[in-house]
Amino acid sequence: MELKDLKPAEGSRKNRKRVGRGAASGTGKTAGRGLNGQKSRAGGGKGAGFEGGQTPLARRLPKLPGFRNINRVEYLPVNVSRLEEKFEAGEVVDGDSLKAKGIIKHADAPVKVLGDGEITKALTVKVDKVSASAAAKIEAAGGKVEQPC
């Protein structure tokens, strides 16, 4: 068997019904549209988006200015004062340890350490982002800031 020998199964393909081609065709005169009414006329029927008189969806939605960036990354803020409260000197601060201490809900959420408050303990901070003021305070206390590349 070759490609040229392929044929559809018997009876699986049929010609479309041509309407409005005279009384003898079976679909002459009104061409299957019934007698009168909106849908019997050319161009008749409801428009796209018509919802039966209810205010259409396109008019119900708010019309806000600007746009929302779908690529924006929301970081969970953690201040150095919280690290001072919850961690002991020499500990590693990362997503898992922050979740274990109850500071964040999900260990894989992006975290940014901010510089509000004071820190006296030497900590190793391994989170997604650290503000410049927080990094200065952590290093001044003898700690290290290690950010992923």
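**Reading labels from values**

Student: Why does glutamate 91 count as partly exposed?
Tutor: In this predicted model, glutamate 91 has a relative accessibility of 26%. Buried means under 20% and exposed means over 50%, so 26% falls in between and glutamate 91 is called partly exposed.

Student: What makes glutamate 91 and lysine 101 a salt bridge?
Tutor: The nitrogen and oxygen of this pair are 3.6 Å apart. The cut-off is 4 Å, so the side chains of glutamate 91 and lysine 101 pass. Glutamate 91 sits in the loop between helix H2 and strand E2, and lysine 101 in the loop between H3 and strand E3, so their pairing ties together parts that are 10 residues apart in sequence.

Student: How do you know that glutamate 118 and lysine 137 meet in a salt bridge?
Tutor: Their N to O distance is 3.9 Å. A salt bridge needs the two atoms within 4 Å, so this pair qualifies as well. Here a residue in the loop between E3 and strand E4, glutamate 118, is tied to one in helix H4, lysine 137, and these parts are 19 residues apart in sequence.

Student: Which label, exposed or partly exposed, fits glutamate 118?
Tutor: Glutamate 118 has a relative accessible area of 58%. The limit for exposed is over 50%, so glutamate 118 is exposed. Lysine 137, at 24%, counts as partly exposed.

Student: How many salt bridges are there by this rule?
Tutor: The count comes to eight. One of them joins the side chains of glutamate 51 and arginine 60, at 3.1 Å from N to O. There is also a network of salt bridges that links Lys126, Lys144 and Glu146.

Student: Is serine 97 buried or exposed?
Tutor: The relative accessible area of serine 97 is 15%. Since buried means under 20%, serine 97 is buried. Serine 97 belongs to helix H3.

Student: What makes the side chain of serine 97 and the backbone oxygen of valine 92 a polar contact?
Tutor: They are 3.1 Å apart. A polar contact needs an N or O pair within 3.5 Å, with one atom able to donate a hydrogen and the other to accept it, so this pair fits. The serine 97 side chain also has a polar atom 2.8 Å from the backbone nitrogen of aspartate 94.

Student: Why is leucine 6 called exposed?
Tutor: Leucine 6 has a relative accessible area of 54%. Exposed means over 50%, so the label fits. Together with Met1 and Leu3, Leu6 makes a nonpolar surface patch of about 450 Å².

Methods:
Residues numbered from 1 in each chain as written. Predicted model: local features only at pLDDT ≥ 70, side-chain atom pairs only at ≥ 80, totals over all residues. Heavy atoms only, no water. Helix = DSSP H or I, 4+ residues; strand = E, 2+ residues; numbered from the N terminus. Buried < 20%, exposed > 50% of the residue type's maximum accessible area, 1.4 Å probe, protein only. Patch = residues over 30% accessible without salt bridge, like charges linked within 9 Å, V, L, I, M, F, W, Y side chains within 5 Å. Areas by Shrake-Rupley, 256 points an atom, 1.4 Å probe, with all protein chains shown as cover.
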